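The following exercises concern cysteine pairs and their surroundings. Please study the sequence and the structure before reading each solution.

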Amino acid sequence: MRRRRGVLLLAAILASLATVPSQARTAGGPPGPDETGQCGVVRSGDSPVGAAEVTLYRAGDEPGAEPQLLARARSGPDGAFRLSYERPADPTAVLYLFADAAPDPAERAAGRRGEAVRLAAVLGNGPALPQVVVNERTTVAAAYALARFADRHAIAGTNPGLRNAAAISHNLADVGTGEVAQVLATPPNGALTSTLAAFNTLADILAGCVDGRTCAELFALTREPGQPEPRDTFQAAVAIAHAPGRHAAELFALAAAAPRYRPSLPSAPDAWTVALRYSGNGHELDGPGNIAFDAAGNAWVANNYRFAADPRESVCGGRAVLKFTPTGEDAPGAPFRGGGLYGAGFGVTVDPKGQAWVGNFGFQGAGCELDENRFNRSVSQFAGDGTALSPDTGWRGGGIVQPQGVVADRAGNVWIANCGGRSVTRIPDGRADRAHAVATESLDKPFGVAVDPAGRAWVTGNGSDSVQVLSPDGTPERSVTGGGLRRPLGVATDSEGNAWVSNSGIVPLPCEGTTPADTAEAVAGVTVPHPGASVTLIRPDGSTPDGPFTNDGLFLPWGIAVDGDDTVWVANFGGHRVARLCGVRLSACPPGHRTGQPISPPDTGYTSDGLDRNTGIQIDPSGNVWLTNNWQTVPLQTNPGGHELVVLIGAAAPVRPVAAGEPSRP
């Protein structure tokens, strides 16, 4: 009888093991010869979280794909756990931890699992760290960085967006210590902006639920309209990242119930955006004008001036194009020089071959001698590795003069708005020897240019309050006026072929031999949004029946971008704010919103003290919104340039760049 019981017990054990995926391992004993061992601890602040079920997953490799369970363990009374697993052979695999625990201490002590508390951490797919800490900080970092790849059950998505997002999470929290990551803790972030305090306050918001005191309130406040309430703290953090302006003050009140992380915010923000600043090597960014992304999610940045930290030091035109990795470091070999580059303006793009094109506007500070026949009548071209492909004079054909907006379409054509003339230069197939000018007499000071899904180019005229539409071969189709067009600057198109235009209302461009001082004088006395500050929606047929759209989130609007959900993002040259508007796809907007209605707080937009005189705005494949701090708040004409890029982490629906060869959302 005893022998039969033993056989039955063995059969039961084998049957239970058969339900565990082949690569998953439970705790107990050292790792096998082909396995990786990972030690860790689950904490809330400085307090251990015992009896938490810790699960290691490999993220799904496409939207909606199931994650792969790699290992599972339970934390001890001291919060410690150990995992053994077979590391995936794919170096791009994204690994993450969930630690599930009941919020009530008595339930945790009894070893019962609860769904209300789920802490998270993102791991790399390299050698194991000496220790991993899973706490509220790592949870906020994972929720924001992976906000566009996390659903109510798992994390999944395509690369490079998912892989880059995982790496960006480590700019917020150090999973080895559970502390704030160095990028967030030090300049140009740290004490220089409020982001560090906001990040800690978000961690405190979750801590109240981990203590078992504020879960009901947290889940009610973070419920997205039309959706069920979040079931756990990780879902709640993702919901905040998706809608940072919803119930901002009420969520702040929850943080006061469990203050654990310092420094924290002294008062409620207008929205819970997380804005990181990047400055590269610290001595290269000076007047960044605009950004373009390559297929890997690297950011190419046009730079107005040669770097100088002292604004009283006169600077001449920048002679380098910058390239940043998705996590904000200099790409190998960057910055890149040569190719006739000088004083780049608003124009930078990456074509389907991965080659970067930069417009040489000729920006420079006071005291520089500009040779107009050399430095502001060309574009520069670079290979993906930074090798200059254009000659020392740049590509000068096709009537290029003081170029601003530059964009490549999916057929490989490059379009250039000639701010110093009444023309657009078209470079067919990226072949500079075939460049030709397209006369646009209805435009004065052509500035921004965008290409719609049909291959048509839309060009703003800052001096003519108009937009010119060109057919794919460059033939003028129509000129659009009205609809609130007033000193227009940026233009972007959505998936349905509509064009969105940012109207500064006041900014006269320096395109006819003048200097940036004209712009400085125009905006120096502006302390509130100008009445002409707006966004115009132009339908594919050239009509403007829906606008213009105005709200106090628009303050000298400049650059404009459309994300993978067709919502519209607007950079502002004033007001330290970013505006987000509902686009034509109403299903991607909060219930009840209309096209053009602000999703960001209508009275302020998404504000950040890390923002300064923003011109360029673009969205990367991970759903991060990148902006250029183009000028200093009080610019000196000797050296007016700003010195940072600002990235709103996980704020938008991802966009696949032109260089990836596919449209819109990954």
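**Exercises on the disulfides**

In this predicted model, Cys209 is buried, and Cys215 is buried as well.

**Exercise 1.** Determine which handedness the link of Cys209 and Cys215 has.

Solution. Begin with the bond: the sulfur atoms of Cys209 and Cys215 lie 2.0 Å from each other, and the two residues are joined by a disulfide. Next, take the angle about the S-S bond, which is 95°; the link of Cys209 and Cys215 is right-handed.

**Exercise 2.** Establish where in the chain Cys316 and Cys368 lie, and state the handedness of their disulfide.

Solution. First, the sulfur atoms of Cys316 and Cys368 are 2.0 Å apart and form a disulfide. This pair connects distant parts of the chain, 52 residues apart: Cys316 belongs to the loop between β12 (299-303) and β13 (320-324), and Cys368 to the loop between β16 (356-360) and α10 (372-375). The disulfide of Cys316 and Cys368 is left-handed because the torsion about its S-S bond is about -95°.

**Exercise 3.** Classify Cys316 and Cys368 as buried, partly exposed or exposed.

Solution. The class of buried requires under 20% relative accessible area. Cys316 has 28% relative accessibility, so Cys316 is partly exposed. Cys368 has 13%, so Cys368 is buried.

**Exercise 4.** Describe the disulfide of Cys582 and Cys589.

Solution. The S to S distance between Cys582 and Cys589 is 2.1 Å. With 95° about the S-S bond, their link is right-handed. Cys582 has a relative accessible area of 0% and is therefore buried; Cys589, at 8%, is likewise buried.

Methods: Residues are numbered from 1 along each chain as its sequence is written. This is a predicted model: local features need pLDDT of at least 70, side-chain atom pairs count only at pLDDT 80 or more; totals for chains, interfaces and linings use all residues. Side-chain values use heavy atoms; hydrogens and water are left out. A disulfide is a pair of cysteine sulfur atoms within 2.5 Å. Buried means under 20% relative accessible area, exposed over 50%, partly exposed in between (1.4 Å probe, protein chains only). Helices (H or I, at least four residues) and strands (E, at least two) are DSSP runs, numbered from the N terminus.
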